[in-house]
Amino acid sequence: MENNLELKNLNRTEFKVVGKNIEKMESITRPNLTYWADAWRRIKKNNVAFISLMVIVLYILMAIFAPMLSKYEYTAIDSSKMNQFISSKHWFGTDELGRDLWVRVWRGARVSLTIGFVATIMNTVVGGLIGGISGYYGGTLDSFIMRFIDVMYGIPRLIVQILMMVVLRPGIEALIIAMCITGWIGTARFVRGEIYRLKEQDFVAAAKVLGVSDFTIIIRHLIPNIIGLIITNLTMAVPSAIFSEAFLSYIGLGIAPPECSWGVLTKTGVKMLRVYPYQLFIPAFFICSTMLALNLLGDGLRDALDPKLRGTE
Amino acid sequence: MGKYIIKRLGISLATILVLVTVVFILVRLMPGDPFTSDKMTPEIKANLEKYYGFDKPLIEQYFTYLKNLLKGDLGYSMKYKNQTVNKIIEDSFPFSFDLGIRSLVFGISFGLVFGITAALNRGKKLDFISIVIAIIGTSVPDFIMGALLQYFFGIKWGLFPVAQYLGFKHTILPAIAVGFYTLAQVSRLMRASMLEVVQQDYIKTAKSKGISSFRVTYKHQIRNAIMPVVTVLGPTVAAVLTGTFVIESIFAIPGMGKFYVQSVQNLDYSIVLGMTVFYGAFLVIANMIVDILYGLIDPRIRIAGK
């Protein structure tokens, strides 16, 4: 009722015609966001994922610089300082041979993170290529590759890794090779499925009709469509590679002393657990927090890299 | 269904054959002839010679090896005379199997309970707690979990025995350590699956028919939501097996994992390879059974398999 009264009091003279400004209506008011800029914006908005990303970046930086900046060597044995607790001289204490644990933890981070990232990236590239070719070209090649993958997929990853490590000499390269032998299969399966689905879609048909070459279709149309999924997958696969390294080193098949990794440190820590529990807690904390951060970042990336979710938050 | 089972059987057999062949080739590729050492007694040498047939041509060696495996003979130790892989498995498998079953039962039952509770209390405290538990379960490797459980509950607070495998009380900590990953996976999946099922039309229908909310949850929601969880059982069996490896050495349980790790450290290659074949075949068969079971439970799978 009140509204009606107010409307009656309104006077025509109080209004004026502003007209249409076509240019203004059609102009783009917000800056054009690329796919990556948008993903970055959304990751920054997601607190959990952003903190996880920062933690991982911090660990990587520390792994690079901490061993360089410390006055201790990761192999330097000092029998006068065995099993010392955390102090201002030894920030994480020392181990059974008097080696500084701060340096050893970051040296271990170098090894563990390198293995985790390199093995996963190699698996993704190889798996992506094989899966992509199989899915795109189809036919006999595809069914041959798929049968091969069916059989290989059945062999437990761990068994292959152990076998490879028994044959190869323990070390970083051996671990990466052992993880790559079967690691690509999961990626190949999923990339093949995605490519198979995408290549039937209209935009690919349109590109083909226009005479675009296979190479350009793959580079310009197919890869941008699955790159988000691939990156998410990659992030989620790094923790399992770090776990594999720790596990293999733990049972004595991974990194051989004097080189150290988080797995080797955990192994020593478990041995000393009854008397010096901090020697386990410290490497355990770093393994767990890295795996946690990568898992949470992967969750965040899955949302951030999915263009369908753009603007839904 | 028959066709599906036959196809699955074929793939599994091919997988085992590939595994065995790979093991055979790797033995020949090992650097520096690991099967000869100065300390080896003539008896052990004779055993290895007999098993692998090193003096015969390669093809013949391969078939001898296959024949040995078909007979169930997995090889001899190269460190201790009279020690065979079969004997080790015979003695230690019951312990590992017991631990594996206990951790699977623990992981699956608690995982289901957590997942269902979380989904029914979406956005509330209980949901948050179960998500945190699931995150811990996926981020803490089982050997760290085992060591921490042993330290706090065994050594520090003395609530449970520190090691060995004698009675029910001894089995609790190892089973939790091995089963925690399974718990996390199952509860995550069950929660997601429950939340998806809630939106289905048949739940609305059931509610509008006036069925009590307990019956809707129990008879309609949980029963349908549980299906996808079966798919993780295959990978879970593998994870449990990996877990038993290290957990057995941490808690001094005389299971297969402990012997395996010991043989690795003793450089007893022939035991390692023999046990690897056993493990591999066991996992392949376990996966096959899970797949076939899934086909039996969910008719859509076997139709897709045709």
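1. Leu61(A) sits in helix H4 of chain A, which covers residues 47-69. The model is a predicted one. With a relative accessibility of 42%, Leu61(A) counts as partly exposed. The cut-offs explain the label, because partly exposed covers the range between under 20% for buried and over 50% for exposed. Leu61(A) also belongs to a nonpolar surface patch of about 650 Å². The other members are Val57(A), Ile60(A), Ile64(A), Phe65(A), Met68(A) and Leu69(A).

2. Chain B next, starting with its overall make-up. It holds 14 helices and zero strands. Read along the sequence, the pattern is α-α-α-α-α-α-α-α-α-α-α-α-α-α. The C-alpha trace of chain B spans about 80 × 55 × 30 Å along its principal axes. Chain B has 306 residues, and 48% of them count as buried.

3. How do the helices of chain B pack? Two packed helices are described by the angle between their axes and the distance between the axes. Take H1(B), residues 2-29, and H13(B), residues 269-297. Their axes are 10 Å apart, at an angle of about 165°. H1(B) and H13(B) are therefore roughly antiparallel. The class follows because angles over 145 degrees count as roughly antiparallel. The crossing of H1(B) and H13(B) is right-handed.

4. H1(B) has a second packing entry, with H3(B), residues 58-70. Here the axes come within 11 Å and cross at roughly 130°. H1(B) and H3(B) are therefore oblique to each other. This crossing, too, is right-handed.

5. Which residue has its C-alpha atom 7.4 Å from that of Val237(B)? The partner is Ala286(B), 49 residues away along the chain. Val237(B) lies in helix H11 of chain B, residues 233-250. Its relative accessible area is 18%, so Val237(B) is buried. The cut-off for that label is under 20%.

6. Ala252(B) deserves a look at its backbone. Most residues other than glycine have a negative phi. Phi of Ala252(B) is near 55°, a positive value in a residue other than glycine. Where does Ala252(B) sit? It is found in the loop between H11 and helix H12 (256-266) of chain B. Ala252(B) is partly exposed, at 33% relative accessibility.

7. Now the charged pairs. Side chains of opposite charge can pair when their charged atoms come close. How many salt bridges does a search of the whole structure find? The count is 13 over all chains. Three of these pairs are taken up in the points below, one by one.

8. Arg197(A) and Glu194(A) meet through their side chains in a salt bridge, at 2.9 Å from N to O. Both are in helix H8 of chain A, residues 172-198. They are separated by about one helical turn, because they are three residues apart in that helix. Is Glu194(A) buried or exposed? At 17% relative accessibility, Glu194(A) counts as buried. Arg197(A) is partly exposed, with a relative accessible area of 45%.

9. Asp299(A) and Arg302(A) also form a salt bridge, at 2.5 Å from N to O. Helix H12 of chain A, residues 278-304, holds both residues. They are three residues apart, about one turn of the helix. Asp299(A) is partly exposed, with a relative accessible area of 25%. Arg302(A) counts as partly exposed as well, at 43% relative accessibility.

10. In chain B, Asp98(B) forms a salt bridge with Arg102(B). The closest N and O atoms are 2.8 Å apart. Both residues lie in helix H4 of chain B, residues 85-120. The separation is about one helical turn, because they are four residues apart. Asp98(B) is partly exposed at 26% relative accessibility. Arg102(B), at 31%, counts as partly exposed too. Elsewhere, salt bridges that share partners join Asp38(A), Arg41(A) and Arg42(A) into one network.

Methods:
Residues are numbered from 1 along each chain as its sequence is written. Chains are lettered from A and ligands numbered from 1 in the order in which they are written. This is a predicted model: local features need pLDDT of at least 70, side-chain atom pairs count only at pLDDT 80 or more; totals for chains, interfaces and linings use all residues. Side-chain values use heavy atoms; hydrogens and water are left out. Patches are made of residues with over 30% relative accessible area and no salt bridge: like charges are joined within 9 Å, nonpolar side chains (Val, Leu, Ile, Met, Phe, Trp, Tyr) within 5 Å. Accessible areas come from the Shrake-Rupley method with a 1.4 Å probe; for residues, only the protein chains shown count as cover. A salt bridge is a side-chain nitrogen of Lys or Arg within 4 Å of a carboxyl oxygen of Asp or Glu. Helices (H or I, at least four residues) and strands (E, at least two) are DSSP runs, numbered from the N terminus. Buried means under 20% relative accessible area, exposed over 50%, partly exposed in between (1.4 Å probe, protein chains only). Axes are lines fitted to C-alpha atoms, for helices over the stretch in contact, and angles run from 0 to 180 degrees between N-to-C directions. Angles under 35 degrees count as roughly parallel, over 145 as roughly antiparallel, 65 to 115 as roughly perpendicular and the rest as oblique. A crossing is left-handed if the near helix is turned anticlockwise from the far one by less than a right angle, and right-handed if clockwise.
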